Amino acid sequence: MNSPNSVINETNWKRGFWCLMGTQFQGAFSDNVLKWLVIYLVIAQKMPKEQLDSLVSDSGMYFAIPFLLLSMFGGWMADRFSKRHVMIGVKTMEIGIMVFATYALASGRMGLQLASICLMGVHSAFFAASKYGSLPEVVPPKKLSWANGVIEMLTFLAAIFGTLAAAWLAESFAGKPAWSGGILLGLAMIGWLMSLGITRVPAASPDKPLRLNFLGDLWREFKWMRTDRDLWRANLGNTGFFFIAVLLQMNLVLYAEQVMHIKPMENSALQVALAVGMAAGSLLAGKLSGDHVEYGLIPLGAFLMAAMGFALGIDDISKSAFTVCLTLLGIGGGMFIVPLAAVLQHRPPADRKGSVQGAASWLSWVGISAAALLQKELNIRLGWTPGDIFWFCGACAVIAGVYVTMSRPGALPALLKRWTSPGGMTKPE
């Protein structure tokens, strides 16, 4: 069996890599457009507070459920077949999903619109393991941290433009949302065309059997991953990150609507500030990591997220200060997640990368689902204000930062020492 790195052409890998990045960007962009478009259409109906809180939470759950059910199947496909073939097949499926979404938007039926979000969750559940698992097969080993920085940056840029585009579509095509669906259908076709340029790679484990008991598969993967301390802790950190990120993002929508009382375009501008920070933090983390995994960035990012989370919860904070804090929080998030993503891709053997990515994706969506459920409980049942929830997110980030610092005590001091040394940043021993 070929190792992933043996199929990489050291000089001609860039075309396939950038086709993968383009395909990923389009998928993440369309995911965000559809999800936020439905949310903005809900907000435009001026529903009572409790009903709006519930629907914002439900939209997150509809996207999360497919990941909980299908992530391990997506991981099996990523190992059993060529990851390129899986991604092309998924992009073909997206075209059909967007046909359905166009009908759902035209009908104005909320149930069908939520179902279209769920179907895009299915699309992303199948795509995720092949997307992340293919990076070590597409780029040279010394470029893996850089590639992770790029893919995370582009993912958050897709969130920026997707959120803005959703707000623009909601306002520009008010009363005729089918036009928005048609645009998403066209983008799905473009994504399919870009997927054809992804680097051809062989199946990593062509004889891998399909086990229908995905919970049993998950348990086996968790047992195996726990034998590798860094890999297991990366999974826990990845799950915690998505829990905090999604809880904060959903809370931000409600804060903008209920506290700031701003329109969808202004609401999306706050989401953009957060995503700009995430993109910048991801690119910065990739640059600082160089050709290795920089563990010291993880606690540094966690503590920056915590500080900004507490700042966001301050009463009567100005809009400009709020926006700056959101951007800085995003930078912390990018610095936190990029090293974790590199660990999840680098440490598993070639024939297990898809399964590990599937299990990691499942755990991350456990975190996302928990955030969606908790957001509803905190808002509706306990009556917490959006500011209270920002403080809760900050406290969670503190816990994450303390845990990483205690479990790898030398990482942050070593990073700071390299920054302050006369020679600047150098590769650790």
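Contact, as I shall use the word, means heavy atoms within 4.5 Å. With that in place, good morning, and let me introduce this structure, which is a predicted model.

I begin with the chain as a whole. The protein chain holds 14 helices and 0 strands. Of its 429 residues, 59% count as buried. Among contacts between residues at least 6 apart in sequence, 87% join residues at least 24 apart.

My opening example of such contacts is Asn-267, a residue of helix α9, which covers residues 264-289. Leaving aside residues up to four places away in sequence, Asn-267 touches Tyr-40, Val-253, Ala-256, Glu-257 and Ile-262. Is Asn-267 buried or exposed? Its relative accessibility is 2%, so Asn-267 counts as buried. Thr-163 lies 104 residues from Asn-267 along the chain, and the C-alpha atoms of the two are separated by 9.1 Å.

I turn next to a pair of helices. Two packed helices are described by the angle between their axes and the distance between the axes. Helix α3, residues 83-107, packs with helix α6, residues 178-195, at an angle of about 170°, and their axes are 8 Å apart. Angles over 145 degrees count as roughly antiparallel, and α3 is therefore roughly antiparallel to α6. On the α3 side the contact includes Ile-88, Lys-91, Ile-95 and Met-98, while Gly-191, Trp-192 and Ser-195 are among the α6 residues that take part. By class, this contact has 12 nonpolar, 7 polar and 3 charged residues.

One residue of that contact deserves a closer look, namely Lys-91 of helix α3. Lys-91 has a relative accessible area of 0% and is therefore buried. Which residues does Lys-91 touch, not counting those up to four places away in sequence? They are Thr-23, Gln-26, Gly-27, His-123, Phe-127, Gly-191, Trp-192 and Ser-195. With His-123 there is also a polar contact of 3.5 Å between the two side chains.

Let me move on to helix α10, which spans residues 297-312. Its 16 residues reach 22 Å from the first C-alpha to the last, close to the 22 Å expected at 1.5 Å a residue. The buried residues of α10 include Leu-297, Ile-298, Pro-299, Met-305 and Leu-312.

Helix α11 follows, with 28 residues from 319 to 346. From first C-alpha to last, α11 reaches 41 Å, close to the 40 Å expected. This helix is mostly covered, since 20 of its 28 residues are buried.

How does α11 pack with helix α12, residues 353-381? The angle is about 140°, and the axes are 9 Å apart. That angle makes α11 oblique to α12. Leu-344, Gln-345 and His-346 of α11 meet Lys-353, Val-356, Gln-357 and Ala-360 of α12. Sorted by class, the contact has 3 nonpolar, 3 polar and 1 charged residues.

My last stop is Pro-413, in helix α14, which runs over residues 411-420. At 47% relative accessibility, Pro-413 counts as partly exposed. Gly-296 is 117 residues from Pro-413 in sequence, yet the C-alpha atoms of the two are 7.5 Å apart in space.

To close, I return to the overall picture: a predicted model of a chain with 14 helices and 0 strands. Thank you for your attention.

Conventions:
Residues numbered from 1 in each chain as written. Predicted model: local features only at pLDDT ≥ 70, side-chain atom pairs only at ≥ 80, totals over all residues. Heavy atoms only, no water. Axes fitted to C-alpha atoms, helices over the stretch in contact; angles between N-to-C directions. Helix = DSSP H or I, 4+ residues; strand = E, 2+ residues; numbered from the N terminus. Parallel < 35°, antiparallel > 145°, perpendicular 65-115°, else oblique. Nonpolar A, V, L, I, M, F, W, Y, C, P; charged D, E, K, R; others polar. Expected span 1.5 Å × (residues − 1). Buried < 20%, exposed > 50% of the residue type's maximum accessible area, 1.4 Å probe, protein only. Polar contact = N/O pair within 3.5 Å; in protein donor to acceptor, adjacent residues only side chain to side chain.
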